[in-house]
Amino acid sequence: MTYCVAIKTKDGLMALSDGRITAGTEMTSARKISVFGEGKSRFFVMTSGLRSIRDKAVAYLQQQMEQQSFGFPTMLDTVSAYTHNLRRVELEDRNHIERADIAFNLHTIIGGMMEGDREPRAFLVYPQGNWIELEEMTPYLTIGAISYGKPILDRTLRYDTPLRTALKIAYLSFDSTKFSSSDVGFPIDLVTMTMPDRTWRQAHLRNADVRELREWWNANIKDLVAKAPDGAWLDMLAP
């Protein structure tokens, strides 16, 4: 399983992915986010699903970029190229994969900003190659074990949320997922692109790097529940 989230705010774009890979009784880690491009024209790719499909689709995408010797003009061109290569992999491999009783499954988040874009954009691509775009009314996209982290995203995140706060929200959504799903865990990778300077930054974090925030959150959420107001309905059940 996987947990990945991309967030767009007025300050820029960010992405977080966990690094746990589970196969039977074994647990390993691997980066689930890749950054492509150079200078201020860059984009990231995060995936949830069969790693072999992901690696082949990304390899074809890289080959296309090398053959044409220039980056994609816009993020729309970027996501269109990726879906073309994903469908190429589907044509080549779907029958072989499904004969082994394995679903052809890959969900992808692609985000970034290219030379022809006026603002950063992010897309959720389904296994069939169709996609939806992140928008201001719902300024995040998630893939993988999405249920556990969704409540904090929905309750706290807005388009005008400062990016530093959005990063903390993204981590806490991961923390909630990790707490309830043994298939999601450290290390985590984070990528940000801040506006208006279009500067890209990356971090690879382990458990100890975010201990202060995690311990603060655990202590305060328990304290808030204990201090929650009573009501008449409680007297009927717990006199």
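This passage describes an open sheet, a helix and a set of salt bridges in a predicted model. Residues are numbered from 1 along each chain as its sequence is written, and side-chain values use heavy atoms, with hydrogens and water left out. Because the model is predicted, local features need pLDDT of at least 70 and side-chain atom pairs count only at pLDDT 80 or more, whereas totals for chains, interfaces and linings use all residues.

Secondary structure elements are DSSP runs numbered from the N terminus, with helices (H or I) of at least four residues and strands (E) of at least two. Strands are taken as paired if DSSP finds at least two bridges between them. On this basis, five strands form an open sheet in the order β10-β1-β2-β11-β12, with antiparallel pairing. The edges are occupied by β10 (140-144) and β12 (199-205); each has a single partner strand, so one side of each is left without a neighbour in the sheet. From one strand to the next, the twist averages 10°; axes are lines fitted to C-alpha atoms, for helices over the stretch in contact, and angles run from 0 to 180 degrees between N-to-C directions. Within the sheet, the antiparallel strands β1 (residues 3-9) and β2 (residues 12-18) are joined by six bridges, and V5 stands opposite L16 in β2. Helix α4 (residues 163-180) packs on the sheet, where it touches β1, β2 and β11 (188-194), contact meaning heavy atoms within 4.5 Å. The direction of α4 makes about 160° with that of β1.

Helix α1 (residues 51-68) has 18 residues and spans 26 Å from its first C-alpha to its last, close to the 26 Å expected at 1.5 Å a residue; the expected span is 1.5 Å times one less than the number of residues. Residues are classed by relative accessible area as buried (under 20%), exposed (over 50%) or partly exposed (in between), using a 1.4 Å probe and protein chains only. The buried residues of α1 are I53, R54, A57, V58, Y60, L61 and M65. They cover an arc of only 155° around the axis, which puts them on the same side of α1; the arc is that of the directions from the helix axis to the C-beta atoms. The cover over these buried residues includes β5 (33-38), β6 (41-49), α2 (75-99) and β7 (106-113). E66 and Q67, on the other side of α1, are exposed. Just after the helix, S69 adopts a positive phi of about 55°.

A search of the whole structure finds 13 salt bridges, each defined by a side-chain nitrogen of Lys or Arg within 4 Å of a carboxyl oxygen of Asp or Glu. One of them joins the side chains of K8 and E119 (3.5 Å, N to O). K8 lies in strand β1 and E119 in the loop between β7 and β8 (121-125), so the pair ties together parts that are 111 residues apart in sequence. K8 counts as buried at 8% relative accessibility, whereas E119 is partly exposed at 38%.

A further salt bridge connects K56 with E92 (2.9 Å, N to O). This pair links helix α1 to helix α2 across 36 residues. E92 also meets R88 in a salt bridge (3.5 Å, N to O); R88 and E92 are four residues apart in helix α2, a separation of about one helical turn. Partly exposed positions here include K56 at 24%, E92 at 30% and R88 at 32%. K56, R88, E92 and D93 are linked in a network of salt bridges.
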